[in-house]
Amino acid sequence: MNRYLAIVPAHNEAGAITDTVEEIHRFAPDFDVIVIDDGSTDATASRAESAGATVVRLPFNLGIGGAVQTGYLYAQEHGYEVAVQIDGDGQHDPRYIGELLACLQADSALNMVTGSRFLRQGDGHRSSATRRVGIRIFAGLVSLITGRRVTDPTSGLRMTGRVGIELFARDYPHDYPEVEAILMMHAHRLNSCEIPVAMRPRRSGVSAISSTQPIYYMIKVLLAVFIGLFRSSPVVEQGDTPVNAEHAI
Amino acid sequence: MGTQRIIAIAISGGMLLLILELVRRKRLMERYALLWLFSTLLLLVLSLWSGLLNSLASALGVSYPPSALFAVAFGVVLVLLVHFSLAVSHLSDQNKVLAQRLGILQRQVQEQNEHLSTLAQGDALKDAPLGEGARARDREQLTPTS
């Protein structure tokens with residue numbers, strides 16, 4: 001067993017999952033691959049298995065937050081040191097796993113590295129104009145709150161170390177978790193940074209954020225961000241080992 | 001300012017703060033808080049802004065404006081109840097799926113355990129004929145049949 005894990009959430013991604021798993025094996029051979037089949041009704045799980053991934057089938061659709069957290073729980077239980085999230089739809093290029101890992105390991109105080117499609121000008125797929133406006137708003141808010149420049153708070157291409165795995169296994173936002181997860185890291189005084197990546201247009205399936213949902217998305221995440229400001233200390237359940245700055249160092 | 005208005009403002013304002021506090025403590029998920037926030041904000045606006053409530057009352061044909069506030073509150077409660085019925089239906093459906101999966105998993109674990117124990121017995125039997133047979137022969141030699 002490797003010490004590194006690639007978490008691939010997939011919901012009805014039969015058209016892209018084989019390539020995604022094979023690319024991870026090819027470009028990041030040090031990583032075990034776990035596909036979280038989030039209640040798919042197509043052949044996602046069987047194709048992922050025949051491509052060589054470990055597959056966890058959720059009995060019904062939990063949404064991206066619940067699916068990804070399943071991966072972090074698996075990583076925590078099996079003692080993985082590093083976990084990287086790669087979407088099952090082919091948007092995230094597994095070639096960047098090496099760069100993410102190098103960045104994470106270069107600085108021992110770093111707990112999370114995110115791949116940002118806006119750090120480098122001009123290359124790759126950058127999603128529609130309206131979605132970019134939404135991302136810009138969240139980027140501004142998150143930068144303001146965390147006090148460092150965050151350009152792509154909605155990117156799901158991110159790598160965490162052991163402390164991040166334990167945090168996310170215990171507590172992870174439900175719907176549209178990416179923005180809140182960054183703020184959670186900040187609230188727990190864990191450090192994260194971004195590296196430039198190019199993303200690809202999705203190869204199959206539909207985005208978790210459909211055309212009818214952007215208003216709910218914006219309001220829900222804004223509410224979560226706003227209320228997060230009033231959480232003075234990280235919410236840690238009784239009996240949990242608190243994650244704090246000491247653990248981070 | 002009428003007493004009813006003060007009471008209406010206090011109740012809707014208090015509800016708003018309660019909902020926000022519950023979300024802050026992670027006792028209430030944002031998904032379910034949004035409708036509550038919308039409802040309490042609507043009631044708060046109506047109780048603060050008496051002009052809006054008065055024109056709403058005359059539009060509804062209600063002569064006593066605070067009654068219009070009750071009507072709106074009743075409508076809000078109805079919407080919330082339907083919302084919860086939907087949520088409960090969704091949950092019981094998911095619960096059913098979980099119970100079915102668990103039942104099938106339990107059956108599979110049981111079958112695998114039985115399979116394992118028959119395998120273990122098979123191994124034991126392979127050794128047994130020699131050992132048991134030899135011991136039986138020993139017994140026969142020691143205690144001759146009468």
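This is a short talk about a predicted model with two chains, A and B.

Okay, hi everyone. Keep in mind that what you see is a predicted model. I'll start with chain A, then move to chain B, and then show where they touch.

So, chain A. It has 249 residues, and 43% of them count as buried. In terms of secondary structure, we get 9 helices and 7 strands. If you take the contacts between residues at least 6 apart in sequence, 77% of those join residues at least 24 apart.

Now find the sheet. In what order do the strands sit? Reading across, the order is S3-S2-S1-S4-S6-S5-S7 in chain A. The sheet is open, has 7 strands, and the pairing is mixed. At the edges you'll find strand S3, residues 54-58, and strand S7, residues 191-196, and each of these pairs on one side only. From one strand to the next, the twist averages 20 degrees.

A quick reminder for anyone new to this: strands of a sheet pair through backbone hydrogen bonds, and the pairing is either parallel or antiparallel. Here's one pair to look at. Strand S1 of chain A, residues 4-10, and strand S4 of chain A, residues 82-85, pair in the parallel sense, over 4 bridges. Within that pair, A:Ala6 stands opposite A:Val84.

Next, what lies on the sheet? Helix H3 of chain A, residues 64-77, lies across S1, S2, S3 and S4, and it runs at about 155 degrees to S1. Helix H4 of chain A, residues 97-106, also packs on the sheet, where it touches S2, S4, S5, S6 and S7. The direction of H4 makes about 150 degrees with that of S5.

Let's go inside. The largest nonpolar core has 59 residues. Which residues have the most contacts inside it? They are A:Ala6, A:Ile7, A:Val8, A:Val35 and A:Val84. You've already met two of those, A:Ala6 and A:Val84, as the opposite pair. If we leave aside neighbours within four places in sequence, A:Val84 is in contact with A:Ala6, A:Ile7, A:Phe31, A:Ile97, A:Leu100 and A:Met159.

Let me zoom in on one residue, A:Thr160, which lies in strand S6 of chain A. Is it buried or exposed? It counts as buried, because it has 28 C-beta neighbours inside 10 Å, and the cut-off for buried is 20 or more. Skipping neighbours within four places in sequence, the contacts of A:Thr160 are A:Ala83, A:Asn111, A:Met112, A:Ile165 and A:Phe168.

Two of those, A:Ile165 and A:Phe168, bring us to helix H6 of chain A, residues 162-170. The buried residues of H6 are A:Gly164, A:Ile165, A:Leu167 and A:Phe168. Look down the helix axis, and those buried residues fall within an arc of 165 degrees, so they line one face of the helix. There's a general point behind this kind of picture: an α-helix has 3.6 residues a turn, so residues three or four places apart point the same way. What covers the buried residues of H6 in chain A includes H3, S4, S5, S6 and helix H7, residues 178-187.

Two loop residues before we leave chain A. A:Asn12 sits in the loop between S1 and helix H1, and A:Tyr176 sits in the loop between H6 and H7. The phi of A:Asn12 is near 50 degrees, which is a positive value in a residue other than glycine. For A:Tyr176, phi is near 45 degrees, again positive and again not in a glycine. A:Asn12 is buried, with 20 other C-beta atoms within 10 Å, and A:Tyr176 is buried with 21.

Right, chain B. We count 4 helices and 0 strands here, so from the N terminus on, the elements simply run α-α-α-α. Of its 146 residues, 11% count as buried. There's another core, apart from the 59-residue one, with 7 residues, among them B:Ala8, B:Leu43, B:Leu46 and B:Leu53.

Finally, the place where the chains touch. How many residues of chain B are in contact with chain A? The count is 12 residues of chain B against 12 residues of chain A. On the chain B side, helix H1 (3-24), helix H2 (30-48) and helix H4 (65-142) each supply at least two residues. H4 of chain B gives the most, with 4 residues. By type, that side of chain B divides into 6 nonpolar, 1 polar and 5 charged residues.

That's my tour, thanks for listening!

Methods. Residues numbered from 1 in each chain as written. Chains lettered and ligands numbered in written order. Predicted model: local features only at pLDDT ≥ 70, side-chain atom pairs only at ≥ 80, totals over all residues. Buried ≥ 20, exposed ≤ 12 C-beta atoms within 10 Å, placed from the backbone. Contact = placed C-beta atoms within 7 Å. Pairing = 2+ DSSP bridges. Axes fitted to C-alpha atoms, helices over the stretch in contact; angles between N-to-C directions. Nonpolar A, V, L, I, M, F, W, Y, C, P; charged D, E, K, R; others polar. Arc of directions from axis to C-beta. Core = buried A, V, L, I, M, F, W, Y, C linked by C-beta atoms within 7 Å.
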